[in-house]
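Dear colleague,

Please find below the structure that I am handing over to you. My findings follow it.

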Amino acid sequence: MQYSSEIQSMCPIQRGDLHPSAPIPVEGRMIRPTDVIAISGLSHGVGSCAPQQGAAKLTLNVKQGIIEEALIETIGCSGMTHSASMAAEILTGKTILEALNTDLVCDAINVAMREIFLQFVYGRTQSAFSEDGLEIGAALEDLGKTQRSQVGTSYSTLAKGVRYMELAEGYVTKLALDEHDEVIGYQYLNLGKMMASIENGESPDQAMLGATGVYGRFDEAVKTINPRHA
């Protein structure tokens, strides 16, 4: 180690006892981590690219510093979906420090990794106060039984008003309007449920019917419209 001449000419001054770092909660324990392998937990991070054309949500389940489970969800950019497929292969098996300094293909995913890293090292994970944390597979459970991300897409113009395209329940097939042409409900198709039914042997028509539902005061509609073509 090299010291400048100014430092070398200074007289030494002793300091008192070294104060340890502040403890952070890690899976139900309060620890003072000095190595990355001391970090465990499950948490989330969200990031966007420079033009903010799309966003990525990253969920990691880390055990003793090693990423054991990774879930990447993207929206708004077609290329980002392919970047996520590659990043998902890259992440597992790395320490969170290695992952932070790895090119995860897409800027949005890299930013999400940075944000989730802060969650971990500051003890702000979802499982910070859960003894032994969450089992491997917990990130996948966030998607529900149909293993499909929660997607919401709504569109509107001043001239023609609002169009609900896809909400938590599913792909919106009809909007219900009252006598004032205001939305009072909608009909939806749960695509994940429909595909699961088809895989279980149901015909597409039966599966589509079983995966269709309504929300709000749909049955009181004066008229219904297709949100994509009307």
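Glycine 144 counts as partly exposed, at 36% relative accessibility; the classes used here are buried for under 20% relative accessible area, exposed for over 50%, and partly exposed in between, with a 1.4 Å probe and protein chains only. This glycine is found in the loop between α5 and β6 (153-157), where helices (H or I, at least four residues) and strands (E, at least two) are DSSP runs numbered from the N terminus. From glycine 144 to glycine 216 the C-alpha to C-alpha separation is 22 Å, and the two are 72 residues apart in sequence.

Please note that this is a predicted model, in which local features need pLDDT of at least 70 and side-chain atom pairs count only at pLDDT 80 or more, while totals for chains, interfaces and linings use all residues. Residues are numbered from 1 along each chain as its sequence is written, and side-chain values use heavy atoms, with hydrogens and water left out.

Salt bridges

The whole structure contains 6 salt bridges, a salt bridge being a side-chain nitrogen of Lys or Arg within 4 Å of a carboxyl oxygen of Asp or Glu. One of them joins the side chains of glutamate 27 and lysine 63, at 3.0 Å, N to O. This pair links distant parts of the chain, 36 residues apart: glutamate 27 is in the loop between β1 (24-26) and β2 (29-31), and lysine 63 is in strand β4. Glutamate 27 is buried, its relative accessible area being 10%.

Arginine 148 and glutamate 166 form another salt bridge through their side chains, at 3.1 Å, N to O. Here too the pair links distant parts of the chain, arginine 148 in the loop between α5 and β6 with glutamate 166 in strand β7 (residues 161-167), 18 residues apart. Arginine 148 is partly exposed at 33% relative accessible area, whereas glutamate 166 counts as buried at 14%. A salt bridge of 3.0 Å, N to O, also connects the side chains of arginine 217 and glutamate 220; arginine 217 counts as partly exposed, at 43%.

Leucine 134 and threonine 95

Leucine 134 lies in the loop between α4 and α5 (138-141) and is partly exposed, with a relative accessible area of 28%. Neighbours within four places in sequence aside, its contacts (heavy atoms within 4.5 Å) are Glu27, Leu42, Asn61, Lys63, Gln126 and Ser127. Both members of the first salt bridge described, glutamate 27 and lysine 63, are thus in contact with leucine 134. Its C-alpha atom is 6.9 Å from that of leucine 42, although the two residues are 92 apart along the chain.

Threonine 95, in the loop between α2 and α3, is buried at 13% relative accessible area. With the same sequence neighbours set aside, threonine 95 touches Val36, Gly65, Ile66 and Ile67.

Helix α2

The 14 residues of helix α2 (residues 78-91) should span 20 Å, at 1.5 Å times one less than the number of residues, and the end C-alpha atoms, 21 Å apart, agree with this. Met80, Ser83, Ala84, Ala87 and Leu91 are the buried residues of α2. They fall within an arc of 110° seen down the helix axis, so they line one face of α2; the arc is that of the directions from the axis to the C-beta atoms. Their cover includes β4 (55-63), β5 (66-75), α3 (96-100) and α4 (107-121). On the other side of α2, Ser78, His82 and Glu89 are exposed.

With kind regards
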